[in-house]
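Open your viewer and keep the selection box handy. We will go from stop to stop, picking out residues and seeing what surrounds them.

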Amino acid sequence: MMKKIVCTISLFLLTGCLGGYSPESTFYTLKSVENVAPISQSSLSLGIDLPELPEYIDRPQIVSFSENGGELNIDEVNRWGEDLDIMLQRVIAGDLRAYLPKAAIKPRTSLLEKYKYILNVSVVKFDMVENNQAYFEALWTVKSGNTFNVVYKGKTSLNKPVDDGYGDYAKVMGEMIAQMSEQIAQKISGN
């Protein structure tokens with residue numbers, strides 16, 4: 001009888017170790033806007049600093065909230081394809097290049113780089129509430145590249161419905177980032 005119990009326990013332990021299934025991750029990215037009407041043909045230069053992110057979203061997993069907003073859901077299977085701050089910096093630069101095609105715009109990687117303007121973005125919200133609504137809020141500041149004095153500042157606060165899971169969420173977030181980029185492009189071009 002004891003031998004039978006030991007064999008049964010061993011079998012359960014063995015199947016638990018060998019039979020475990022871990023689902024494959026799906027990776028998402030944000031895309032820059034394409035085929036938009038330019039806002040200005042100005043040849044200004046703009047360096048974009050790495051955006052500041054709240055700690056709860058500064059991770060590879062996509063984060064959402066429960067409907068009542070109190071419970072944070074960190075999805076282990078659905079993930080961003082790169083660090084979120086680096087992806088945001090790249091996408092904002094791409095969006096601004098689309099709106100200001102003659103401008104020299106790039107992520108700022110060194111304090112020694114010289115630009116007419118420097119853009120700082122501080123993300124306040126980058127959320128989805130249980131697959132039905134996306135929220136994006138950011139404070140942004142454009143500083144002089146010479147004096148570092150604030151030239152323009154603004155706040156972008158947007159929300160849009162999400163129709164079909166994480167792929168649509170990434171698309172909608174990209175659209176809202178493009179709207180912020182358009183606001184910034186209008187400010188620095190004087191339009």
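Which residues is Trp80 in contact with, leaving aside its neighbours within four places in sequence? Select Trp80 and look around it: the contacts are Phe27, Tyr28, Thr29, Leu30, Arg59, Pro60, Gln61, Ile62, Met87, Phe126, Tyr169 and Ala170. Keep in mind as you look that this is a predicted model.

**Getting your bearings**

Now zoom out and colour by secondary structure. The protein chain has 3 helices and 8 strands, and from the N terminus on they run α-β-β-β-β-α-β-β-β-β-α. Of the 191 residues in the chain, 41% are buried. Among contacts with a separation of 6 or more, 67% are between residues 24 or more positions apart.

**The nonpolar core**

Next, show side chains for Leu30, Trp80, Leu119 and Phe126. These are the residues with the most contacts inside the largest nonpolar core, which has 47 residues. Strands E2, E3 (61–65), E6 and E7 (133–144) each supply at least two residues of this core, as do helices H2 and H3. The largest share, 12 residues, comes from H3.

**A cavity beside Trp80**

Stay with Trp80 and add Ile57, Gln61, Ile62, Val63, Leu84, Phe126 and Tyr169 to your selection: together with Trp80, they line the largest cavity. The space inside that cavity is about 40 Å³. A search of the whole structure for cavities of 30 Å³ or more finds 1. Strand E3 gives the most to the lining, with 3 residues.

**Helix H2**

Leu84 is in the cavity lining and also belongs to the buried set of H2, so select residues 84–99 next to see this helix. H2 has 16 residues and reaches 22 Å from its first C-alpha to its last, close to the 22 Å expected at 1.5 Å a residue. How many of its 16 residues are buried? The count is 12, and H2 is mostly covered. Among these buried residues are Asp85, Met87, Leu88, Gln89, Asp95 and Tyr99. To see what they pack against, show strands E1 (26–28), E2 (45–48), E4 (72–80), E5 (104–107) and E6 (117–129), along with helix H3 (165–189).

**Ile118 on strand E6**

Move on to Ile118, found in strand E6. Is Ile118 buried or exposed? Ile118 counts as buried because its relative accessibility is 3%, under the 20% cut-off. Draw a distance from the C-alpha of Ile118 to that of Ser45: they are 8.6 Å apart in space and 73 residues apart in sequence. Not counting residues up to four places away in sequence, Ile118 touches Leu46, Gly47, Asp49, Arg108, Thr141, Val142, Lys143, Gly145 and Phe148.

**Thr156 on strand E8**

For the last stop, select Thr156 in strand E8 (residues 150–161). Thr156 has a relative accessible area of 0% and is therefore buried. Which side chains make polar contacts with the side chain of Thr156? One belongs to Trp140, at 3.1 Å, and another to Gln183, at 2.5 Å. Widen the selection to the residues Thr156 touches, leaving out those up to four places away in sequence, and you will also pick up Phe136, Glu137, Ala138 and Met180.

Note on methods:
Residues numbered from 1 in each chain as written. Predicted model: local features only at pLDDT ≥ 70, side-chain atom pairs only at ≥ 80, totals over all residues. Heavy atoms only, no water. Helix = DSSP H or I, 4+ residues; strand = E, 2+ residues; numbered from the N terminus. Buried < 20%, exposed > 50% of the residue type's maximum accessible area, 1.4 Å probe, protein only. Polar contact = N/O pair within 3.5 Å; in protein donor to acceptor, adjacent residues only side chain to side chain. Contact = heavy atoms within 4.5 Å. Expected span 1.5 Å × (residues − 1). Core = buried A, V, L, I, M, F, W, Y, C linked by side-chain atoms within 4.5 Å. 1 Å grid on protein atoms, 1.4 Å probe; cavity = no way out; pocket = protein on both sides within 12 Å on 5 of 7 lines; lining within 4 Å. Points joined across faces, edges and corners; volume = space filled by probe spheres on them.
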